[in-house]
Amino acid sequence: MKNKHLVLLFLLVLLLGYVGRRLPWCCQSDLRSRLVPVPEAVYRIQVSRKGQPDLFLERTAAGWVAEQEGRIVPVSNDTMKALLEILGQTTPFTPLKENEGVAAFASASPIHLRFSLQDRSEVSLQLGLDGQDSSGPWTLVRFAQHEGVYRVRGALRGSFERTLDDFRSRELLPFSIEQVCRVAWHWPPDSSIFWEKTDTATQQKALSASPSTSALPFQYWLNAVAQLQNLPFADFFDESREEEWLRLTATLMTCEGRSLTLRFFVLEPPDIPEDIRPLHRQGIRSLPRYVAHSSANPRNYFVLTDAEMGARLCAGP
């Protein structure tokens with residue numbers, strides 16, 4: 001009799017296990033976990049996206065750097081701190097039904113992430129579709145270490161849907177145009193002109209005759225400078241040909257004594273990069289002709305996509 005009870009108990013456990021494994025996911029409790037167990041141990045992140053070259057974020061002795069297609073730029077500590085905090089947040093993981101998860105994941109091009117940790121282990125996962133409901137934003141996540149798709153709280157795609165350009169500064173002017181009191185222009189080989197703004201009026205002091213093409217007023221030229229924002233990068237620019245292409249050097253000074261040097265180059269004929277894919281990714285469809293450089297951002301050169309504005313800036317006031 002006792003053995004019969006044990007057999008019945010064994011069968012009951014099997015039945016409960018069988019039924020439990022087939023209960024709908026919605027009946028199971030959410031998990032709470034981190035995307036990466038020990039985010040402070042991450043020293044390398046590989047981001048792979050369809051149609052984009054792989055992006056690498058790596059911790060070095062000098063700090064974090066980003067690398068893509070052989071180009072390396074430093075990444076600020078604040079940027080990486082915010083990114084690692086996202087990885088370290090404990091957040092709800094809601095498992096989806098198998099068919100539902102596969103179908104939902106196929107609706108958006110996934111972002112593949114590979115995290116290398118200091119103990120030589122790796123965490124690999126994919127970010128899928130993201131959305132929002134009454135509880136806030138969510139993202140579908142699938143881990144390489146085990147099966148299943150989870151709805152994870154947080155807008156995760158935006159944190160990793162980046163390119164190298166997103167970590168580069170596009171600043172050309174570190175102060176406002178209204179702060180500028182003096183400007184000196186120089187055209188190669190030896191033509192220069194100087195402007196100064198007083199409290200009551202703006203006066204011109206010509207050190208030598210300006211080029212015949214410079215017919216734009218002082219404020220008109222400064223207004224054009226103020227529009228130098230969010231320009232595409234001119235990574236194709238050959239620095240060894242600066243002297244050949246340089247058209248104008250302008251030094252801007254504020255009343256407080258701050259100064260800035262802007263240089264404008266004209267590519268004649270327009271230089272054709274060997275690889276035009278970086279231009280297309282930035283939305284540039286025509287051959288660049290005008291390039292700008294700022295002493296406030298010495299690592300980068302920028303494309304002036306508006307040819308009319310490029311001609312205006314090179315002409316001076």
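**Figure 1. How much of the chain is buried.** Of the 317 residues in this protein chain, 40% count as buried. Keep in mind that this is a predicted model. The chain carries eight helices and 17 strands. Take the contacts between residues at least 6 apart in sequence, and 58% of them join residues at least 24 apart. As for the outside, the chain exposes about 18300 Å², with carbon and sulfur atoms supplying 51% of that area.

**Figure 2. Strands S7, S8 and S9, with S8 paired to both of the others.** Here's a run of three strands, starting with S7 (residues 111–117) and S8 (residues 122–133), which pair in the antiparallel sense over six bridges. For a landmark in this pairing, look for His112, which stands opposite Gln126 in S8. The hairpin of S7 and S8 has four residues between the strands, and Arg120 in this hairpin takes a positive phi near 75°. Move along to the other pairing and you'll find S8 running antiparallel to S9 (residues 136–143), joined to S9 by seven bridges. A handy marker on this side is Leu127, whose bridge partner in S9 is Val141. S8 and S9 make a hairpin too, with two residues between them. A general point for anyone tracing side chains here: in a regular strand they alternate between the two faces of the sheet.

**Figure 3. Helix H8 and the elements its buried residues pack against.** H8 covers residues 307–315, and its buried residues are Met309, Gly310, Arg312, Leu313, Cys314 and Ala315. What do these buried residues pack against? Most of the list is strands: S11 (180–187), S14 (246–254), S15 (259–266), S16 (290–294) and S17 (301–304), along with helix H5 (218–226). Cys314 is worth a second look: its relative accessible area is 6%, so this cysteine counts as buried. At the N-terminal end of H8, Asp306 acts as a cap, with a side-chain oxygen 3.0 Å from the backbone nitrogen of Glu308. Just after the helix comes Gly316, with a positive phi of about 80°.

**Figure 4. Asp235 and its arginine partners, Arg71 and Arg168.** A search of the whole structure turns up nine salt bridges, and this view zooms in on Asp235. One of its partners is Arg71, with the side chains meeting at 3.7 Å, N to O. That salt bridge links distant parts of the chain, since Arg71 sits in strand S5 (residues 71–74) and Asp235 in the loop between H5 and helix H6 (242–245), 164 residues apart. Arg71 is partly exposed, at 32% relative accessible area, and Asp235, at 30%, is partly exposed as well. Arg168 also meets Asp235 in a salt bridge, at 2.8 Å, N to O. This pair, too, links distant parts of the chain: Arg168 lies in the loop between helix H4 (157–160) and S11, Asp235 in the loop between H5 and H6, and 67 residues separate them. Is Arg168 buried or exposed? Its relative accessible area is 8%, so Arg168 counts as buried. Zoom out a little and salt bridges that share partners join Arg71, Asp165, Arg168 and Asp235 into one network.

**Figure 5. The salt bridge between Arg241 and Glu244.** Here the side chains of Arg241 and Glu244 meet at 2.8 Å, N to O. Arg241 has a relative accessible area of 28%, so this arginine counts as partly exposed.

**Figure 6. The disulfide between Cys181 and Cys255.** How many disulfides does the count come to? Just one. The sulfur atoms of Cys181 and Cys255 are 1.5 Å apart in the model. The disulfide links distant parts of the chain, with Cys181 in strand S11 and Cys255 in the loop between S14 and S15, 74 residues apart. The two cysteines have their own stories when it comes to exposure. Cys181 is buried, with a relative accessible area of 8%, whereas Cys255 counts as exposed at 56%.

Notes. Residues are numbered from 1 along each chain as its sequence is written. This is a predicted model: local features need pLDDT of at least 70, side-chain atom pairs count only at pLDDT 80 or more; totals for chains, interfaces and linings use all residues. Side-chain values use heavy atoms; hydrogens and water are left out. Two strands pair if DSSP finds at least two bridges between them. Buried means under 20% relative accessible area, exposed over 50%, partly exposed in between (1.4 Å probe, protein chains only). Contact means heavy atoms within 4.5 Å. A polar contact is a pair of N or O atoms within 3.5 Å; within protein, one must be able to donate a hydrogen and the other to accept it, and residues adjacent in sequence count only if both atoms are side-chain atoms. A salt bridge is a side-chain nitrogen of Lys or Arg within 4 Å of a carboxyl oxygen of Asp or Glu. A disulfide is a pair of cysteine sulfur atoms within 2.5 Å. Accessible areas come from the Shrake-Rupley method with a 1.4 Å probe; for residues, only the protein chains shown count as cover.
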